[in-house]
Amino acid sequence: MNEIRDALASHPFFSGLDERGLATLAAFTFVRDVPAGEWIARTGAHADVFHAVVHGRAGIEIHAADREPLVVATVHTGEVIGWSWFMEPHRWHFDVIALDAMRMLDLDAAQLRAACAADHELGFHVADQLTRVLAARLEATRHQLVDIYGIAR
Amino acid sequence: MQALAADGYRVVGPVERDGVIAYADLGSGDDLPTSVTVEQSPGRWRLHHDDSGHRFGWTPGADSWKQFVYPAHQEVLRIRRTDGSFVVTSPPPAAQPLAFIGARDCEVRAMAVLDRVVLDPLHPDPRYAQRRDGVFVVAVTCGVPAATCWCTSMGGGPQPAAGFDVRLTEVHDAVGHRLVAEAGSDRGAELLLRLEMGAATTDDLAAANGVARAAADGMPRRLDGAALPALLQGTDHHPNWEAVAERCLSCGNCTMVCPTCFCSTFSDHTGLTDDGSAPIETVREQDWASCFQLDHSTLGGHAVRATTKARYRQWLTHKLQTWTAQFGTTGCVGCGRCTTWCPAGIDIVHEAAVLAGLPTAAQPPNSQKGSSA
Amino acid sequence: MGSLAEPLPITAPDPMQPTPYRVVATHPESADVTTLSLVPVDAALPVALPGQFMTVWVFGVGEIPISVSRMGVAGEVLLTVRTVGRTSAAMVGSAVGDVMGLRGPFGTAWPVAAAAGRDIVVMAGGLGIAPLRMAIDALVAAQAGQVTVILGTREPAQLLFGADLDRWRAAGASVHVTVDAADRTWNGAVGTATAMLQRLGVHHDMAFVCGPEMMMTSGARAVIALGAQPHDVWVSLERNMHCGIGHCGRCQLGPHLLCRDGAVVRWDTVDELLEVRGR
């Protein structure tokens, strides 16, 4: 249990949480090793786990019938995968694949949501951190959208 | 004028032509506009005649001396292809040095402002330098400022203080009607000696200074020009830009009549050959341009200032604010041309005052805003 | 400036006059980017400093400003150009032996000397790596302070100067490449240069940023958010630098004539100007 607690405490997403918060999370966090090439999430599947990357690299992939699958973002050591687990309908919007051998902290999403609702200090921490992730992804998406390296339209 | 012509100068000065005061080659003093007065207000310039016999009773028109040293169109150089390279030739320099007759203080200062830009120490323009080199300036004290004049707000006065070889002041008092001439350089003094005019008396000089003082006191527009660069800071989103843009036609008249505007276009022209062979010569030309042109400033082929609001903001802030940072002087000499020749009558003094949060200057006493035909 | 009536000496050659240079090699870098190697036909122009630009004139086509990618020996100039308009297309399509007219070098340089002993991050977006090449060369050669290079581009096929990246790494620089999108064969990061900087998450004493304006704005703000002083962040801004000598007035950005006071400018002198639409 202490190992899990320490792993959580040293992950940037959870750093700053107090002992009580860490202990709460440790109760439903598991360490998982994923080999390269394994799917971590599939579009439409139930988002019942929140993944925090301990090391390794995952690719967020978008696919459609008219084009080759495209990696639109990579998630690296110290970062987290997605927020689909946080909001209804708790379904993944993208495919996520392990591009390297990875180690992740898997948190049970239903218990995490319940913990956030019960302990607003913990809930605020998680929402605050997720907002930062969202803001960065949103800016990146906008730059990709306007194709800043392309010829200006 | 005849003495200057005899010395080899190309003598240019004011003439009455097509109902305006234009600057053109002069033959003799008889070519100068005589008994002429000028009425100016935003969007209006009218020439009138009286029986005063005055030589300099008028205020300038759209022409400025810029057109002689920095022409609206000029050939820059020619590039001719050779076997495996190319050679560049420059157009021949002007045969004669220029003499300007009747330059007002605002115009003398405008030449100094333009010098700072085009003769910057790192990359002086050799064509401008050649034309500018040794210009003989016969300046004249402004006795009757126009209603759009504001030179005293922009660091000048009606009487040129420097930058001339000879300074004339037209005096018409109880003693009589005369031109008081003062030398501003050795060659100016030498010219005056040669002309063997009667020496000016102390009273003459006092009278000349009196003309300048009266003109300064009667200057219709006043604004703290030196404070404008600081006061215009932070006005990027001022609602007045939008208000001006509703009237501004983005025609660029203000930039074409401005005696300091220097923006230009360089373009290469490669002519066709008579026999259909590959062209071997390109002529590089320079033409006046305007920040009111949509394609003046671009990035990646896109117009940077796509709206009239943005272009007017560029024009006014460049003249009254950023020019100082760029070249160490103000970009405006207070001549009022941009206001007079604006077809919409947009008044730079009024707009600057609104933007800078200064009391808006009084309308010119003989303003006929809105009544121009 | 003396009195108006005083003669004004002509002290310099005509800055509008192109100097003949001959193409001696072409190095295709990607589908639409080529580096031209040019040597003077007769006399050479002055050596360009890192970040300076030259204008390139192609007979009968036009003249455009191009950042100097690298200086070789004996006056050799390397120019990396992307097909965008007529003149750049003519350059990309040029052959060994073709003669072009160069003017310059013009503008400001990256303040490489001021980076001595300081940790610096160099952020390049797309073709923005070209004006930074000589600066990175100089920074890694000086070996003072940690040099971090972040290179962002649209897709792996558009990555430029792969050999340089290896060389900079070997010289001790920390080099990070990221692309906007890739297929799964791409063995690197996908995301923006800013995202990469945030991932590193460390303070840098100084930053050189060059790329599309949006990328520079985002990158400069992110470097500052991580603790750099705004006056230690430098960006390279571009407008239509038409004459290169401050006489045509087209490349103005507020108090800056970007061909003369730029292209390399201090972030705190342009930050607020870039926030205003149409400035």
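Of the 153 residues of chain A, 31% count as buried. A residue is buried here if 20 or more other C-beta atoms lie within 10 Å of its own, exposed if 12 or fewer, and partly exposed in between, with C-beta atoms placed from the backbone. The model is predicted: local features need pLDDT of at least 70, side-chain atom pairs count only at pLDDT 80 or more, and totals for chains, interfaces and linings use all residues. Residues are numbered from 1 along each chain as its sequence is written, while chains are lettered from A and ligands numbered from 1 in the order in which they are written.

Chain A holds four helices and eight strands. Helices (H or I, at least four residues) and strands (E, at least two) are DSSP runs, numbered from the N terminus. Along the sequence, the pattern is α-α-β-β-β-β-β-β-β-β-α-α. The radius of gyration of chain A is 16 Å, which agrees with the value near 15 Å for a compact globule of 153 residues. This radius is taken over C-alpha atoms, and the globule rule is 2.2 Å times the number of residues to the power 0.38. The C-alpha trace of chain A spans about 50 × 30 × 25 Å along its principal axes. Among contacts in chain A between residues at least 6 apart in sequence, 73% join residues at least 24 apart. Two residues are in contact if their C-beta atoms, placed from the backbone, lie within 7 Å.

Chain B contains an open sheet of six strands. The strand order is 2-1-7-8-9-10, with mixed pairing. Strand 2 (20-25) and strand 10 (176-183) of chain B stand at the edges. Each has a single partner strand, so one side of each is left without a neighbour in the sheet. From one strand to the next, the twist averages 25 degrees. Two strands pair if DSSP finds at least two bridges between them. Strands of a sheet pair through backbone hydrogen bonds, either parallel or antiparallel.

At one edge, strand 1 (residues 10-17) of chain B pairs with strand 2 of chain B in the antiparallel sense over six bridges. Val15(B) stands opposite Ala22(B) in strand 2. At the other edge, strand 9 and strand 10 of chain B pair in the antiparallel sense over eight bridges. These two strands form a hairpin with two residues between them. Leu179(B) in strand 10 is the bridge partner of Glu170(B). Helix 6 (residues 202-217) of chain B lies across strand 9 (166-173) and strand 10, running at about 90 degrees to strand 9. Axes are lines fitted to C-alpha atoms, for helices over the stretch in contact, and angles run from 0 to 180 degrees between N-to-C directions.

Chain B also meets chain C. In this interface, 61 residues of chain B are in contact with 41 residues of chain C. Helix 3 (residues 105-118) of chain B gives the largest share of the chain B side, seven residues. That side divides into 29 nonpolar, 20 polar and 12 charged residues. Ala, Val, Leu, Ile, Met, Phe, Trp, Tyr, Cys and Pro count as nonpolar, Asp, Glu, Lys and Arg as charged, and the others, Gly among them, as polar.

Chain C is divided into domain 1 (19-105) and domain 2 (113-275). The bounds come from an automatic or database domain assignment. Taken over C-alpha atoms, the domain centres are separated by 22 Å. In chain C, 17 residues of domain 1 are in contact with 15 residues of domain 2. Strand 4 of chain C supplies the largest share of the domain 1 side, five residues.
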